[in-house]
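Work through the exercises below with the model open. Try each task before reading its solution.

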Amino acid sequence: MAAAYDAARMRMVRNHLSARGLHDARVLAAMAQVPRERFVDPGMEEFAYEDSPLPIGEGQTISQPYIVALMLEAAEIAPGDRVLEVGTGSGYAAALMSRLARKVHTIERHASLAQQARARFAQLEYDNIDVHTGDGSRGLPAAAPFDAILVAAGAPAPPQSLQSQLAIGGRLVIPVGDEGSVQELLKIRRTGEDSFEQENLGAVMFVPLIGEQGWAEDGRRAASRHVPATARGNDTASLIAEHAIPLPDIDDEAFAGAFERYADARVVLLGECSHGTSEFYSARAAITRRLVERHGFTIVAVEADWPDASVVNRHVRRLPARPHGAVFARFPTWMWRNREVAALAGWMCRYNEGREYEQQVGFYGLDIYSLNASIEAVLDYLDRTDPEAAVIARERYGCLTPWQRSPEIYGRAALRAGHALCEDAVIRQCRELLDHRLGDVDELQPDRLDAAQNARLVASAERYYRVMYYGGAESWNLRDEHMADTLDQLLRVHGPRSRAVVWAHNSHIGDARHTDMGQSRGEHNIGQLVRQRHSGETALIGFGTHTGTVAAAHDWGDEMEVMDVRPSRSGSVERLCHDSGVRRFLLDLREGHDETLRRAMSEPLLQRFIGVIYRPATELQSHYARTSLARQYDGYVWFDETSAVQAISGPGTSDEQVPETYPFGV
Ligand code: SAM
């Protein structure tokens, strides 16, 4: 077990620290040495090397490894230093400090936590740490001065007492911000008797510093000092106001006109910061129409299942329908079964009317969740074209039959069996179809394109459900690779001059390398892959909002509800956009445009991601992530207030106007 923790610790140092730009060799060596699993509560050891805070009792947390390492690096601790930590918690950060400094004092207000930390240090034989119980917001005058002070709890302002207990040249690293919001991590260096220099290291989230120079227990500011609004926040909001390109109503021609600047790209990816916001659908539809009508885009590829999208594609191109069940009937139905998408399908019908097939616009699905429907579609194609081959395909796909109803449990069965049960069968089926029948498919053969793509999807889905069982980044990556590969197939099939618009969530289309996803979880996404594969030919456009309503569920499979979107948090991209005072705008974030804005918006900031699930009560933990907006997107579209998408009720329910014939009945 110890070896497994050692390996996990090394992985943490590599993936969560070095890969994210931390490079102080002494800090990294300490992080590689101190066993974090010994500082978490019993039962939580397996999570010790995830880059996240964990609960430790008394309602407190052990801090996230990346943030601890960032603070240690900022504190510039030298081997002969005498240092203070305020907020001992589990003792983990103090243990790390003890590997870097000569003497560590650490102070904790909860006696039980202090006692537990003391015991841990004794067991590990870390004997240069003194643990004190008390209010650390006042510092520890008896042991001052300190070469470095680290505060592991958020203060309303940097406490005077701590600044005065720094040696000249000493460093105070402390999170500062309003109660209940994110904080800015400040590094304050004492340069003289009365002089200090201050640096802002970015947004962080800590529990509050409770004490005389921190917050009172009831959340009110204990010390009556004035905290100036952070200069950076105000400056950036005015910078946004200055550079924002105001947008008119979505229906106004000038709305889509503002996106002409991206029309040179071969692939334009349009995001959304929730799956249930009307404005994001209507805005993307307006931009898509413009790109199709004026710039020859003929592929609209969306984060939906291929077989369902194919029904819509056939409908908008007046192709004979193939047998199919209700369209977009899988949870979350409102994502594609809504009036906004139905209106787009209606427009596509009218646009395609009378046009040559190659000039028409097509509608395609990029996602991976249609194992059953895709198997059915391949078999249907073979039944019609080669019944003998259909018999063989049936036998091969039969391997998956036991799990077809709940493919998520296929992974466990494969793990038990010790091999990838159906991998050979589905890959052989896919290869055979592509090598001998469908490899040369072109866009004029929709039946063959459907069959080829469904066979690919079955092969990807078999692997997806297998790796999903292990959790982690691999299943996310596989899904986004499948989406990027499907897009590339579409571009290839439609010829060298083809151009595509992609609709998917911001988490898929915003370049993952510049978010927590990529930097700490090793995830990539379609935005990143398309940028890498089609360098210089892509435009990634994110969408955001401050408040309003959204269609979402509280849990997977729950009923859809229209929920209120909480006003955005301070310290977030959204709050800065809101504070700009401009209600609807576009930010052009491409390189070479507005470099001042790009620089400011490249700083790490929180960004809100609402998916199918929205949990307003735990919004900060479940829906915000750190991102660098200007690196993640080439453009960012802002609607200060938004409303829920207009869902069309699901099959089997009685929506008089829109029965099971969606999208044809609308
Ligand atoms: N450094 C800790 C670790 O590595 O586990 C994490 C600390 S936790 C985020 C913050 C700690 O600060 C809590 O244990 C909390 O009780 C403590 N705290 C809050 N206000 C304090 C104060 N005025 N004096 C001392 N400790 C305080």
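Two exercises follow, one on a helix and one on cysteines, and the model is a predicted one.

**Exercise 1. Helix H5**

Task: Check the length of helix H5 (residues 111-124) against its expected span. Then find which residues of H5 are buried, and which elements cover them.

Solution.

1. Start with the length. H5 has 14 residues, and at 1.5 Å a residue it should span 20 Å. Its end C-alpha atoms lie 20 Å apart, which agrees.

2. List the buried positions, using under 20% relative accessible area as the cut-off. They are Leu113, Ala114, Ala117, Arg120, Phe121 and Leu124.

3. Look down the axis of H5. The buried residues fall within an arc of 125°, so they line one face of the helix. The general rule helps here: an α-helix has 3.6 residues a turn, so residues three or four places apart point the same way.

4. Turn to the face directed away from the buried side of H5. Ala122 and Gln123 are the exposed residues there.

5. Identify the cover. The buried residues of H5 are covered by elements including strand E1 (54-57), strand E2 (60-62) and helix H4 (92-100). Strand E4 (103-108) and strand E5 (129-133) also belong to this cover.

6. Step past the end of the helix. Glu125 follows H5, and its phi is positive, near 60°.

**Exercise 2. Cysteines**

Task: How many disulfides does a search of the whole structure find? Describe the pairing, then explain why Cys430 and Cys577 are left without a bond.

Solution.

1. Count first. The search of the whole structure gives 1 disulfide.

2. Name the partners. Cys399 and Cys422 form it, with their sulfur atoms 2.0 Å apart. That distance satisfies the cut-off of 2.5 Å.

3. Get the handedness. The torsion about the S-S bond of Cys399 and Cys422 is about -85°, so the disulfide is left-handed.

4. Place the pair in the chain. It links distant parts, 23 residues apart. Cys399 sits in the loop between helix H13 (387-398) and helix H14 (410-417). Cys422 sits in the loop between H14 and helix H15 (423-438).

5. Assess exposure. Cys399 is partly exposed, at 26% relative accessible area. Cys422 is buried, at 0%.

6. Test Cys430. Its closest cysteine sulfur is in Cys422, 15 Å away, which is too far for a bond. Cys430 is buried, with a relative accessible area of 10%.

7. Test Cys577. Its closest cysteine sulfur is in Cys273, 10 Å away, again too far for a bond. Cys577 is buried at 0% relative accessible area.

Technical notes:
Residues numbered from 1 in each chain as written. Predicted model: local features only at pLDDT ≥ 70, side-chain atom pairs only at ≥ 80, totals over all residues. Heavy atoms only, no water. Helix = DSSP H or I, 4+ residues; strand = E, 2+ residues; numbered from the N terminus. Expected span 1.5 Å × (residues − 1). Buried < 20%, exposed > 50% of the residue type's maximum accessible area, 1.4 Å probe, protein only. Arc of directions from axis to C-beta. Contact = heavy atoms within 4.5 Å.
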